[in-house]
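Trainee: I should like to learn how pockets are read from a model. Could we work through an example?

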Amino acid sequence: MINHLLIANIDENGLLSKSEQEEFCSYFQPKSISKKEFLLEQGKVCKLEGFVLEGCFRIFTIDAKGNENTIYIAARNWWLMDIDSFMNHEPSALNIKALEDSTVLIISEKDKAALYKSIPKTEKLFRIMFQKSIVAWQRRLVRNHSLTAKERYSHFIKNYPEIASKLTDRQTSSYLGITHEFLSKIKKQS
């Protein structure tokens with residue numbers, strides 16, 4: 001069953017019965033994304049929320065100078081979207097691009113609203129998942145402000161080896177907030 005990973009993800013919170021889990025999954029549609037294809041491009045409104053079944057995505061911005069700044073990486077069993085654009089119907093500041101052939105389960109804003117109406121406790125489920133993602137963002141910000149670049153790199157490689165193996169050095173340095181040249185120095189010292 002294609003939804004087993006999604007069910008395992010939402011079941012961590014223990015809020016939905018088995019029948020509710022099945023109904024929950026029915027609101028999501030599978031979408032295949034080819035390597036280097038965009039799921040969302042900067043300047044367009046984000047109209048979906050996605051759950052990664054297979055593959056990996058890089059979520060990044062491109063600044064006025066043309067520099068790419070990686071915000072986060074979403075791999076198998078991760079959620080992805082531009083929450084600002086999705087909620088406020090504003091053009092996105094983010095790009096979501098597949099690093100490899102990938103499959104995501106997507107839900108539209110309309111279907112998410114219908115899901116909330118059909119299974120009201122899914123609002124609590126998404127709130128809990130959102131809070132967990134805020135905790136992860138906060139921890140990343142703390143690391144970025146309190147650890148050296150070498151320590152951030154070590155943490156990334158140790159905690160996310162599968163993701164790290166999918167990134168180029170330029171993408172890794174962008175994610176860590178350091179230059180490509182500085183990452184090369186760190187790697188030589190390791």
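Trainee: How do the residues lining the second largest pocket divide into nonpolar, polar and charged?

Mentor: In this predicted model, that lining holds one nonpolar, ten polar and three charged residues. Ala, Val, Leu, Ile, Met, Phe, Trp, Tyr, Cys and Pro count as nonpolar, Asp, Glu, Lys and Arg as charged, and the others, Gly among them, as polar. Residues are numbered from 1 along each chain as its sequence is written. Local features need pLDDT of at least 70 and side-chain atom pairs 80 or more, whereas totals for chains, interfaces and linings use all residues; side-chain values use heavy atoms, without hydrogens and water.

Trainee: Which residues lie nearest the centre of the second largest pocket?

Mentor: Rolling a probe the size of a water molecule over the atoms reveals where empty space remains. On a 1 Å grid over the protein atoms alone, a pocket is an open set of points where a 1.4 Å probe fits, with protein on both sides within 12 Å along at least five of seven lines; lining residues have an atom within 4 Å of a point. Here, N67, E68, R170, S173 and S174 lie nearest the centre, among 14 lining residues.

Trainee: Which element gives the most to that lining?

Mentor: Helix α8 does, with four residues. Helices are DSSP runs of H or I, at least four residues, and strands are runs of E, at least two, numbered from the N terminus.

Trainee: How many residues line the largest pocket?

Mentor: The number is 40, with W79, M129, S133, I134 and W137 nearest its centre. Helix α5 gives the most, 13 residues. That lining has 25 nonpolar, four polar and eleven charged residues.
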